[in-house]
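Hello,

Here is the structure you asked for. Please open it and keep it beside this email as you read.

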Amino acid sequence: ANVTLDGKGVFKNYDHTKPANTILRWNLLWLILCLIAPYPLWATFINCKLTYEFTIIVNVIMSLNFIYTTVLCWQYMWKMIRSFNTPYWQELDPELREKVQHIVVMPTYKEPLELLMETISSVANQTVAHSIIMTVGMEEKTPLQEEKKKAIRERFGKTFKALVFAVHPSGTPGEIPGACSNRNYAARAAVKYMIMSGLLPIDPVTKEVELDFTTCTVCDADTTFYYRSFENLTWCFLNENPESRYAVCWQSPLFYNITLDERWFFTRVMGILRSYFMVGFLIGGDINTMSIYSMSLRLLVEGQFFHPGYQMDDIIYTLSAMRATGGRIRIRCLDIPTLSGPTSGVTMIEELKEWCVQAERWTIGAAEVFHYFFVKLIKCNYFLPGLAYFWWFVYYYGFVLCVAGLINMCNLVIQLISIGHEDISIEECKPMQDWFNLSDDFAYGWIFPFFLIFTYVLVFGTAFIMDALLSQILALDEHVNPIRNFIHFLSTQLVLWLYCLVEYKAIFKIAIYGKKVCGHKASEKGNLVGNKVGPS
């Protein structure tokens, strides 16, 4: 598609005047899954054999899927090891590689200046920093705004191809406060600056803007890029087939190892698991980008930048790009990893509250994305590719992260109850006996423990190995006692179940209150710099 200036700003914006039902939204369909999930608590007393069989099938499906995602994680670990010795820059055509430029958009609100400096420093240290347009998106109400601008400008003013500051006005109609609206405004400001300064040439006759050799990368204020990350991105961008180059996104696997060793067990465990889920599910299933990702500027413009009305703009962006291209957006994995900051708190209680708040926000955001997706699906914006996407999205966010956990929690409760009620015990009900002609003395009691052991060895074990490997390769200064690490490993299933319960609360919360709870509460970042916290 040809992209031209429309005379009202830079490129087409979202229509903020569209009416929207704030309560009756498609995310209410998720309640069906939530109401079905606790079936072991009542169905066991009706037909315990059939109930156990259904739960076994659920665990078999999950286990087969986990085999696939674990293979993807081990493949990525091998690629990650090799990536640090790959001469990306030298392998590229000298003329082409010099044509590529990168926009980096970092929104910020209340993050401390020291943290901002650390993130921008990791961008400034890139081997291709001369090709980067660093864009810092601040809010109108950002504390110490001018002081932060001055400090950043003094330290990095001559490092990048350009340093751009964008101040997002508050109270814009159709927007919600948060990173989504900030990022949308900052990205547009960067493009405006590049056009005005001649970095994006405009054909004097057709008014078409040259977008083909520019990428855009979005990051958070607590991001640490490896110094060759954008060299890796340039290599992937130029080696992508030109026919698909403007219809894919690039995602560097995120590891939440910025002071992760200082965090309490629930934060550290979930941070380690999120990296596994990203490689195995989000990237492996082309489900969605997350937090820190890249795309061609052409795709960004055709997708109308970032939606300022939905808090999970990273997930929404995948759908916006699908709407723009009319097909599935493939997510290419960058081999070099990126560090991101976990949730944090001064005390264990504060950190637990922050952990729950962010888990609830992510779930509400995913439910809002589901509504957005369904609206576009029934309007046939991407009907056939949308059906395939529907399966993966619901399977991951609805089943893997939510329903499967509650099913197994309720099944555990039934197992404990059956100790005093042998008529509903698995040994008495003998599930699968007719299917496989099992004997009466078959070890039925080991079926569910087997699935748990399988998950610990295959999934949790791989996640912790991947975390340890990253720590060694990047020479991170982490101090995790082996005993403490083992205790964290043992607590993994408990943490996942706790996360599942928070998700259930969030799903019912958005079902009751609707869009009014869909806002962005900024994560607490102050504890990612400075003094250590006494961890568990």
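Below are notes on a cavity, a sheet and a surface patch.

This is a predicted model: local features need pLDDT of at least 70, side-chain atom pairs count only at pLDDT 80 or more, and totals for chains, interfaces and linings use all residues. Residues are numbered from 1 along each chain as its sequence is written, and side-chain values use heavy atoms, without hydrogens and water.

Start inside. The whole structure holds 3 cavities of 30 Å³ or more. A cavity is a set of points on a 1 Å grid, over the protein atoms alone, where a 1.4 Å probe fits but cannot get out. The largest has a volume of about 230 Å³, the space filled by probe spheres set on the points. It is lined by 17 residues (each with an atom within 4 Å of a point). Arg274, Met290, Tyr396, Leu401 and Tyr499 lie nearest its centre. Helix α10 gives the most to this lining, with 5 residues. (Helices are DSSP runs of H or I, at least four residues; strands are runs of E, at least two.)

Next, the sheet. It is open and mixed, with 3 strands in the order β5-β10-β7. β5 (223-225) and β7 (254-255) are at the edges with a single partner strand each, so one side of each has no neighbour in the sheet. β7 and β10 (338-340) run parallel, joined by 2 bridges; strands pair if DSSP finds at least two. Leu254 is opposite Thr338 in β10.

Last, the surface. Leu41 sits in helix α2. Is Leu41 partly exposed or buried? Leu41 is partly exposed, at 38% relative accessible area (the class from 20% to 50%, 1.4 Å probe, protein chains only).

Best wishes

Definitions and conventions
On a 1 Å grid over the protein atoms alone, a cavity is a set of points where a 1.4 Å probe fits but cannot get out, and a pocket is an open set with protein on both sides within 12 Å along at least five of seven lines; lining residues have an atom within 4 Å of a point.
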